Amino acid sequence: MSFKVYLPASEGTKVADRVLLDTDTRKNDATILIVDDEAIITSMLVDYLKSLGYKTMLATNGIEAVAIVAEHKDAIDIVILDINMPLMDGCEAYAKFIEIKPDINVLVSTGYVSSCETQEILQKGAKGFIQKPFKMDEIKGKISTILRSDTQA
């Protein structure tokens, strides 16, 4: 059995001449600081974000993250911040971030559904929230949204 499919000819551009664009057509040259104590998450995020063209930095706790933000505040475009970490949690780290760079873009990430800390950080100005476990296309969308809103501000 065989099938024939007839499609109407297009009077527009040839299919070969069309370019499929991502929702964000800018080059992904932003720098993202990933702050999380779970090695599997940081490893996957670093690999994925690098494959999209982003530069990445990594901290495994709030103390490391604050030091990185203090040293590289002008280079960091977004911080993906876990809430529950050893040594210094995300809430404490966020408070220090905004002392260093008041307009810092922070995407909060946690596995806890109703975290008071998450709501607190969002009310203080964090740019977004993503629930763990998340899909990579979800994080890509959140990052794109934050970067677009940052350039429009």
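This passage walks through the nonpolar cores, one buried strand residue, a loop asparagine and two backbone features of a predicted model.

The interior is a good place to begin. In soluble globular proteins, nonpolar side chains tend to be buried together. Here the largest nonpolar core holds 23 residues, and the members that touch the most others are Leu33, Val35, Val79, Leu81, Phe97 and Val106. Two or more residues of this core come from each of strand 1 (31-35), strand 2, helix 2, strand 3 (78-82), helix 3 (90-100) and strand 4. A second core, separate from this one, has 18 residues, among them Ile32, Tyr48, Ile78 and Ile146. Phe97 offers a closer look at the largest core: beyond its neighbours within four places in sequence, Phe97 is in contact with Ala65, Val66, Val69, Val79, Leu81, Ile104 and Val106.

Attention now turns to strand 4, which spans residues 106-110 and contains Leu107. Leu107 counts as buried because its relative accessibility is 0%, against a cut-off of under 20%. Once residues up to four places away in sequence are set aside, Leu107 touches Val79, Ile80 and Leu81, and also Gly128, Phe129, Ile130, Ile139, Lys142 and Ile146. Ile121 is 14 residues from Leu107 along the chain, and the two C-alpha atoms are 9.8 Å apart.

A polar residue comes next. Asn61 sits in the loop that links strand 2 (55-59) to helix 2 (62-72). With a relative accessibility of 8%, Asn61 is also classed as buried. The Asn61 side chain reaches two backbone nitrogens: that of Ile63 at 2.9 Å and that of Glu64, where a polar side-chain atom of Asn61 lies 2.9 Å away. Apart from neighbours within four places in sequence, the contacts of Asn61 are Val35, Met85, Pro86, Leu87 and Met88.

One of those contacts, Leu87, has a backbone worth a second glance. Most residues other than glycine have a negative phi, and most peptide bonds are trans. Leu87, however, has a positive phi, near 70°. Leu87 belongs to the loop between strand 3 and helix 3, and its relative accessible area of 69% makes it exposed. The peptide bond between Lys132 and Pro133 is cis, with omega about -10°. Pro133 is part of the loop between strand 5 (128-131) and helix 5 (136-152).

Key:
Residues are numbered from 1 along each chain as its sequence is written. This is a predicted model: local features need pLDDT of at least 70, side-chain atom pairs count only at pLDDT 80 or more; totals for chains, interfaces and linings use all residues. Side-chain values use heavy atoms; hydrogens and water are left out. Helices (H or I, at least four residues) and strands (E, at least two) are DSSP runs, numbered from the N terminus. Buried means under 20% relative accessible area, exposed over 50%, partly exposed in between (1.4 Å probe, protein chains only). Contact means heavy atoms within 4.5 Å. A polar contact is a pair of N or O atoms within 3.5 Å; within protein, one must be able to donate a hydrogen and the other to accept it, and residues adjacent in sequence count only if both atoms are side-chain atoms. A nonpolar core is a set of buried Ala, Val, Leu, Ile, Met, Phe, Trp, Tyr and Cys residues joined through side-chain atoms within 4.5 Å.
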